[in-house]
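Here are a few short exercises on helices and how they pack. Have a look at the structure first, then work through them one by one.

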Amino acid sequence: MIDIQERSFAPSQQESKLPVMLFAALCFVVWDSGYYKKWLPSQDREEQSIEVSAALLIKSPEMTVDQQYTASSPVLDEIADQRGIKFRVIDDAPGEISGAPQWLQKLFLKHEKDSPCLAVVDADGKSKSLDAPESVSDFRRKIGAR
C-alpha cells in the first residue's frame, strides 16, 4: 500500500522571500550599470554645445578602419542631436547636393579637399576642418560635447 501524506501547499517563508530578493538584486544591477538611462528621457539637451553649431563628416576611401567604423556609428547622430548640433555624414563624391541644406553645401564645398575630415561651424559662424574622428569619444571632444 502507498502511504500518501497530506502536504500543505502554502509556500514557506523562505520561498516567498526569494522573488523579492531577486527583484531587489535586479534593480541594483540596473541602477549600478546605468542601463535605466537608456529608457528614460535624456537630460543632455540642456547641455547645448557652445563651441559647434554644425558638423559635417566627409568620408573618403583614405579613411582608416577606426575612422570608417566611427563614421558609420549611429551614436554620432544621437550625440549631435542631444547637443542641438546639425550633423550629417557624406561621401567625398556625393553627386548632386543642390537639394541639401545650405549649411551642408557651404561646408562641403569649402572643405571637400580636406577629406576625410570633420568640418565644423563654430558659434561665430566660422568653419574649420578637423581630422576625421577615430572614435566616438574623439568625436565628442571635437564637437565640444564632453
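This is a predicted model. To warm up, look just past the end of α5: there Gly144 has a positive phi of about 80 degrees.

**Exercise 1.** Find which residues of α5 are buried, and work out how they sit around the axis.

Solution. Start by listing them: Asp138, Phe139, Lys142 and Ile143 are the buried residues of α5. Next, look down the axis: these residues cover an arc of only 125 degrees, so they lie on the same side of α5. It helps to recall that an α-helix has 3.6 residues a turn, so residues three or four places apart point the same way. Now check the face turned away from the buried side: it carries the exposed residues Ser137 and Arg141. Finally, see what the buried residues pack against: β1, α3, β2, β3 and β4.

**Exercise 2.** Do the same for α3: which residues are buried?

Solution. In α3, residues 75-82, the buried ones are Leu76, Ile79, Ala80 and Gln82. Their arc is within 165 degrees, so they line one face of the helix. Among the elements covering them are β1, α2, β2 and α5.

**Exercise 3.** Describe how α3 and α5 pack together.

Solution. First take the geometry: the axes are 10 Å apart, at an angle of about 25 degrees. Angles under 35 degrees count as roughly parallel, so that is how α3 and α5 run. Then name the partners: Val75, Leu76 and Ile79 of α3 touch Val136, Phe139, Arg140 and Ile143 of α5. Last, sort these contact residues: six are nonpolar, none polar and one charged.

Notes
Residues are numbered from 1 along each chain as its sequence is written. This is a predicted model: local features need pLDDT of at least 70, side-chain atom pairs count only at pLDDT 80 or more; totals for chains, interfaces and linings use all residues. Side-chain values use heavy atoms; hydrogens and water are left out. Buried means under 20% relative accessible area, exposed over 50%, partly exposed in between (1.4 Å probe, protein chains only). Helices (H or I, at least four residues) and strands (E, at least two) are DSSP runs, numbered from the N terminus. The arc is that of the directions from the helix axis to the C-beta atoms. Contact means heavy atoms within 4.5 Å. Axes are lines fitted to C-alpha atoms, for helices over the stretch in contact, and angles run from 0 to 180 degrees between N-to-C directions. Angles under 35 degrees count as roughly parallel, over 145 as roughly antiparallel, 65 to 115 as roughly perpendicular and the rest as oblique. Ala, Val, Leu, Ile, Met, Phe, Trp, Tyr, Cys and Pro count as nonpolar, Asp, Glu, Lys and Arg as charged, and the others, Gly among them, as polar.
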